[in-house]
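Trainee: Hi, have you got a minute? I'm about to open a structure I've never seen before, and I'd like some company.
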Amino acid sequence: MNRLFIKSEDAIQKTVEGLNKDLERRIIASPPGQCPVDLTASFLRLCHSQSCGKCAPCRVGLGQLQIIIDGILNMDSESSMEDLTLLEKTAEAISATADCAIGAEAAQMVLRGIRGYREDFESHIKNHCCTDSLNDRTEPVPCVAMCPAGVDVPGYVALVRAGRYDDAVKLIRKDNPFPTVCALICEHPCELRCRRTLIDAPINIRGLKRFAVDHCGDVPVPKKMDKTGKKIAVIGGGPSGLSAAYFLSIMGHDVTIFEKRDKLGGMLRYGIPSYRLPRERLQWDIDAILSTGIEVKRNYDVSTPEAIAEIRDNYDATYISIGSHNAKDIGIPGEYAKGVIPAVEMLRGIGDDAMPDFNGKAVIVIGGGNVAMDVARTAKRLGASDVSIVYRRRRIDMTALPDEVDGAVAEGCNLLQLMAPSWIETNKKGEVQALWVKPQIAGKADRSGRPKPVDASSEEHKLRCDIIISAIGQATDIQFFEEYGIPVFRGNIQAGRSSVVDNVKGTYAGGDCVTGPSTVIKAIGAGKVAAANIDEYLGFHHVIDTDVDIPLPDPSDNLPCGRAELKERYAKHRENDFEEVEQGMTLEEALQEASRCLRCDYHGFGSFRGGRNTEW
């Protein structure tokens, strides 16, 4: 008789595995605006179904949590705040006594919910409904809700499919005056909750935007509204300042941008290499913005009493949108040696066409963000013989986009993970000759959820090099504004969600100087918010809209279909020049990709709530 058998999945297990994958995709595609209490109850049932039943806290306790939450959600029964207290105490007991992670983590999930959205629980207890913030949501389409600028994504995807590329760009500009920039470098948060994930994979939204800007003509900006006679100062000509200036100018206000440098664009020009964002493509967006009649004062430093006096005396409102152009210290011995270069200073020089000489030199880049990848790939293009990226965490913990990390490795950059810079060795002339690093191990998770690196027992390593580029973070120079009464907290200007700076009449702020270094699309969204609220402050209510007609959806059976990915030039061909790396879609690819859109603006919640916001 046989004693053992080769393990193999039976039909039931294969089906369950498929259902698990479907469930995973459904969780990923969960859009914002769902009832968090109902979602907690659903996850709790899933966790309870995974219980082995061995210990009472998991077997019985999770069931009791379900009963309590179901009672809170039940519109036919009355609940009280005592039920919420019981729910919290029960979850705490299960978390402390469950034998394994199934029960403990399920209880922790409930506790995080109670503490994170307690008002939602209370609203269901007191009013038998969700909070007003959920009931009043006006963005039922996930991709639009996830976009900080609120761009009509399904609208321009449908226009691309119809071959109406000029209209697609026109529609994008209703909310975002940087269609080309975002088509090339946006981190596309709109794809995170795309409902197409329920079937296969999210729509390549950024790729379709790129196809539109690659094939459109000279799309004119909207006609300016009647002059208001109001003057607005915008301090900083980066993406946030230019966005606010664009919308305010269209509204009929006289806008002046005060830019510290010779060229506009901020970190778009002085922080992103041209192989990712060609300067002529950036300039196309800037020229369109300036065509609305914006005045620009270049090489203008506002950090003088005379400049502040001019702005206060001659302008009705001010928008502060300076970028984070200052480098943070590494914090190790030798960091001020010759040959240690802050990444922001290097990229700033390149933005002014001052190329450093790295020919034949060994370069080490310290950091794990997008800026670190940018300077590493740039150093390779400037002739460095060897480029290594030193990062104290694991590759999976990097804040850089995975595509950027993959691009750097493909172009020959070495990625040294779990290596913390210890000190910099110099020669007698004070020049860098090596970086000493301490090996790390991934420890317990920190507040960000990433494992915190801790020193390993291994000895320090010596990495020989000629140049060290520090890319560990950026800071904003706001000391002067603080001296003039602008509220500052932890290195950032304090401004609310409406961009209003408290206690300083007529002053607004947004972008990196408020949030710290962030993404381009968030800066653009902040500029849009500031423009609307400055307009209201000045006593107006101008409406930004567009007359673009959106095509109706075509009938579709929504069969699974592969996602069209953007291609890149071969690594060996691109690593020695600054020509654009990424290539756009073909017409065939764009049409197929656009046809994958489920048109949530016409279906589901989109049909219930009007589909789209046609104006703001």
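**A buried helix and its surroundings**

Mentor: Sure, and keep in mind that this is a predicted model. Let's begin with helix H13, whose buried residues are Pro239, Ser240, Gly241, Leu242, Ser243, Ala244, Ala245, Tyr246, Phe247, Leu248, Ser249 and Ile250.

Trainee: So how many of the residues of H13 are buried?

Mentor: Twelve of the twelve, so H13 is largely enclosed by the rest of the structure.

Trainee: And how far does H13 reach from its first C-alpha to its last?

Mentor: H13 covers residues 239-250 and reaches 17 Å, which is close to the 16 Å expected at 1.5 Å a residue.

Trainee: What comes just after H13?

Mentor: Glycine 252, which takes a positive phi of about 105°. Then look at strand E2, residues 254-258, which is mostly covered, with four of its five residues buried.

Trainee: Which strand is joined to E2?

Mentor: Strand E1, residues 231-235, runs parallel to E2, and five bridges join them. In that pairing, alanine 233 stands opposite threonine 256 in E2.

Trainee: Changing topic: how many aromatic pairs does the structure hold?

Mentor: Nine. One of them is tyrosine 246 with phenylalanine 247, at 5.1 Å centre to centre and 70° between the planes, which is edge-to-face.

Trainee: Are those two buried or exposed?

Mentor: Tyrosine 246 counts as buried at 1% relative accessibility, and phenylalanine 247 is buried too, at 0%. Tyr246 and Phe247 also form one aromatic cluster with Trp616.

Trainee: What about tryptophan 423 and tryptophan 436, stacked or edge-to-face?

Mentor: Stacked, because their ring centres are 5.4 Å apart and their planes are at 5°. Tryptophan 423 lies in strand E10 (residues 419-426) and tryptophan 436 in strand E11 (residues 432-445), so the pair ties together parts that are 13 residues apart in sequence.

Trainee: Is tryptophan 423 buried or partly exposed?

Mentor: Partly exposed, with a relative accessible area of 32%.

Trainee: While we're on rings, which one does the charged end of arginine 381 sit over?

Mentor: The ring of tyrosine 275, at 3.9 Å from its centre. There's also arginine 261, which lies over the face of tyrosine 270, 5.7 Å from the ring centre.

Trainee: Okay, sheets now. What is the strand order in the open sheet of five strands?

Mentor: The order is E6-E14-E7-E8-E9, and the pairing is parallel.

Trainee: Which strands stand at the edges?

Mentor: Strand E6 (340-342) and strand E9 (414-416) do; each has a single partner strand, so one side of each is left without a neighbour in the sheet. From one strand to the next, the twist averages 25°.

Trainee: How many bridges are there between E7 and E14?

Mentor: Four, with strand E7 at residues 362-366 and strand E14 at residues 467-470. Within that pair, valine 365 stands opposite isoleucine 469 in E14.

Trainee: Which strands does helix H17 lie across?

Mentor: E6 and E14; the helix spans residues 343-351 and runs at about 70° to E6.

Trainee: Last one: which residues are buried in helix H10?

Mentor: In H10, residues 165-173, the buried ones are Tyr165, Ala168, Val169, Leu171, Ile172 and Arg173. What covers them includes H13, where we began, along with other helices, among them H9 (153-161), H12 (205-215) and H24 (587-595).

Conventions
Residues numbered from 1 in each chain as written. Predicted model: local features only at pLDDT ≥ 70, side-chain atom pairs only at ≥ 80, totals over all residues. Heavy atoms only, no water. Phe/Tyr/Trp six-rings, centres within 6.5 Å; stacked < 30°, edge-to-face > 60°. Buried < 20%, exposed > 50% of the residue type's maximum accessible area, 1.4 Å probe, protein only. Helix = DSSP H or I, 4+ residues; strand = E, 2+ residues; numbered from the N terminus. Lys NZ or Arg CZ within 6 Å of the ring centre and 35° of its normal. Pairing = 2+ DSSP bridges. Axes fitted to C-alpha atoms, helices over the stretch in contact; angles between N-to-C directions. Contact = heavy atoms within 4.5 Å. Expected span 1.5 Å × (residues − 1).
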